[in-house]
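Trainee: I've got this model open and I'd like a close look at one part of it. Please pick a spot where parts of the chain meet, and take me through it residue by residue, including what lies around it.

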Amino acid sequence: MSEPIPHERTLLLRVLGHAGMRCIEAFVLAWIVWFAADLVLTSGERDHSMWEYMVQNGIGEFWEHLFLVKDSAVRGGAWGLVFGCLCIVCFMRYRVQLRNLLEG
């Protein structure tokens with residue numbers, strides 16, 4: 001029997017894989033930041049159960065602000081948060097390589 005040939009990813013697949021993972025991490029971080037800030041700013045305003053409030057905000061409102069809200073300033077702010085989180089995620093992931101590049 002012949003040995004299996006290891007599948008080597010092309011440069012394009014590696015770049016797309018890294019970019020995809022950083023985008024997923026940025027969306028997750030932005031959702032966590034948005035959810036925590038929203039929860040702190042609006043705590044005590046509702047008479048509903050806390051679980052119902054967290055589910056409503058955690059599942060729906062962040063994505064509504066990204067895609068469904070007609071106000072461009074609101075949508076822009078939500079995407080600005082995602083972009084800021086993407087910058088943080090990329091910096092944290094590539095800080096060693098960036099330091100090596102800049103310091104020579």
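Mentor: Quick bit of vocabulary before we dive in: a helix here is a DSSP run of H or I, at least four residues long, and helices are numbered from the N terminus. Keep in mind that this is a predicted model. The mean pLDDT of the protein is 81, and 78% of its residues reach 70 or more. Among its elements, helix H2 (residues 50-68) has the lowest mean pLDDT, 74, while H3 has the highest, 88.

For the overall layout, the protein has three helices and zero strands, and the order from the N terminus on is simply α-α-α. Of the contacts between residues at least 6 apart in sequence, 55% join residues at least 24 apart. Buried residues account for 17% of the 104 residues.

Now the spot I'd pick: Arg-22. You'll find Arg-22 in helix H1. Is Arg-22 buried or exposed? Arg-22 has a relative accessibility of 9%, and the cut-off for buried is under 20%, so Arg-22 counts as buried. Who does Arg-22 touch? Leaving out residues up to four places away in sequence, Arg-22 touches Leu-86, Val-89, Cys-90, Arg-93 and Tyr-94.

Arg-22 also has a partner in its own helix. Side chains of opposite charge can pair when their charged atoms come close. Across the whole structure, a search turns up one salt bridge. The side chains of Glu-25 and Arg-22 form a salt bridge, at 3.0 Å from N to O. Both Glu-25 and Arg-22 sit in helix H1 (residues 11-41), three residues apart, which is about one turn of the helix. Their surroundings are worth setting side by side: Glu-25 is partly exposed at 32% relative accessibility, whereas Arg-22 is buried at 9%.

Next, look across to Leu-86, one of the residues that Arg-22 touches. Leu-86 is in helix H3. With a relative accessibility of 23%, Leu-86 counts as partly exposed. That value isn't under 20%, so Leu-86 misses the cut-off for buried. Leaving out residues up to four places away in sequence, Leu-86 touches Arg-22, Cys-23 and Ala-26. As for Glu-25, its C-alpha is 7.5 Å from the C-alpha of Leu-86, with their positions 61 residues apart in sequence.

You've now met two cysteines here: Cys-23, which Leu-86 touches, and Cys-90, which Arg-22 touches. Before you go hunting for a bond, a disulfide is a covalent bond between the sulfur atoms of two cysteines. How many disulfides does a search of the whole structure find? That search comes back with zero disulfides. Cys-23 is in no disulfide, and its nearest cysteine sulfur, from Cys-90, is 7.5 Å away. Cys-90 is in no disulfide either; for Cys-90 the nearest cysteine sulfur is that of Cys-87, 7.0 Å away. The cut-off for a disulfide is within 2.5 Å, so the 7.0 Å for Cys-90 doesn't qualify. Cys-23 is partly exposed, with a relative accessible area of 34%, and Cys-90 is partly exposed too, at 27%.

Let's finish by following H3 away from Arg-22. Phe-83 lies in helix H3 (residues 72-103). Phe-83 counts as exposed because its relative accessibility is 54%, and exposed means over 50%. Phe-83 is 53 residues from Ala-30 in sequence, with 8.6 Å from C-alpha to C-alpha.

Then there's a nonpolar surface patch of about 650 Å², made by Ile-88, Phe-91, Met-92, Leu-98, Leu-101 and Leu-102. Leu-98, one of its members, is in helix H3. Leu-98 has a relative accessible area of 37%, so it counts as partly exposed. For context, the protein exposes about 8200 Å², and carbon and sulfur atoms supply 68% of that.

Notes. Residues numbered from 1 in each chain as written. Predicted model: local features only at pLDDT ≥ 70, side-chain atom pairs only at ≥ 80, totals over all residues. Heavy atoms only, no water. Helix = DSSP H or I, 4+ residues; strand = E, 2+ residues; numbered from the N terminus. Buried < 20%, exposed > 50% of the residue type's maximum accessible area, 1.4 Å probe, protein only. Patch = residues over 30% accessible without salt bridge, like charges linked within 9 Å, V, L, I, M, F, W, Y side chains within 5 Å. Areas by Shrake-Rupley, 256 points an atom, 1.4 Å probe, with all protein chains shown as cover. Salt bridge = Lys/Arg side-chain N within 4 Å of Asp/Glu carboxyl O. Contact = heavy atoms within 4.5 Å. pLDDT = per-residue confidence, 0-100.
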